[in-house]
Amino acid sequence: MQNTQHYGLMRRILFPFSGEEPLSPKQGTRVVLAWALLFPLIMSIVTLLIAILASFTPLKMLLFFAFTFLSGFCIFGILGLIVVIMSNRSARIRQAWRTTRGQQ
């Protein structure tokens with residue numbers, strides 16, 4: 001029987017890994033893209049709804065949507081990258097600790 005971990009929906013989307021092993025470049029890219037796309041998309045849709053309720057012109061709505069999405073993409077992409085770097089660093093420290101503890 002395989003021992004699988006069940007995470008909540010947001011955890012499965014944003015970081016579906018245990019953190020025991022360093023992430024591969026493909027896994028790291030998946031995490032960064034999830035962070036860089038999910039949050040900005042939600043923020044942009046909310047901004048678009050507010051712009052619609054405020055009766056802005058279509059051009060102004062498009063500009064607000066684009067600005068919100070692009071700025072969120074940059075900010076949350078960088079945060080996702082920090083999450084991947086820190087997770088990998090933590091996993092490497094944990095592995096080093098286990099090897100030194102196992103050798104004693």
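Accessible areas here come from the Shrake-Rupley method with a 1.4 Å probe, and for residues only the protein chains shown count as cover. This is a predicted model, in which local features need pLDDT of at least 70 and side-chain atom pairs count only at pLDDT 80 or more, while totals for chains, interfaces and linings use all residues. Residues are numbered from 1 along each chain as its sequence is written, and side-chain values use heavy atoms, with hydrogens and water left out.

**View 1. The surface of the protein chain.** About 7,700 Å² is exposed, with carbon and sulfur atoms supplying 72% of it. Of the 104 residues, 24% are buried (under 20% relative accessible area; exposed is over 50%, partly exposed in between; 1.4 Å probe, protein chains only).

**View 2. The helices of the protein chain.** Here you meet three helices and zero strands, where helices are DSSP runs of H or I with at least four residues and strands are runs of E with at least two, numbered from the N terminus. The order from the N terminus is α-α-α. The radius of gyration, 19 Å, is well over the 13 Å that the globule rule gives for 104 residues, so the chain is more spread out than a compact globule. That radius is taken over C-alpha atoms, and the rule is 2.2 Å times the number of residues to the power 0.38.

**View 3. The salt bridge of Glu-20 and Arg-98.** The closest N and O atoms of this pair are 2.3 Å apart (the rule asks for a side-chain nitrogen of Lys or Arg within 4 Å of a carboxyl oxygen of Asp or Glu). Glu-20 sits in the loop between helix H1 (9-14) and helix H2 (25-53), and Arg-98 lies in helix H3 (residues 58-103), 78 residues apart. Glu-20 is partly exposed at 32% relative accessibility; Arg-98 is also partly exposed, at 40%.
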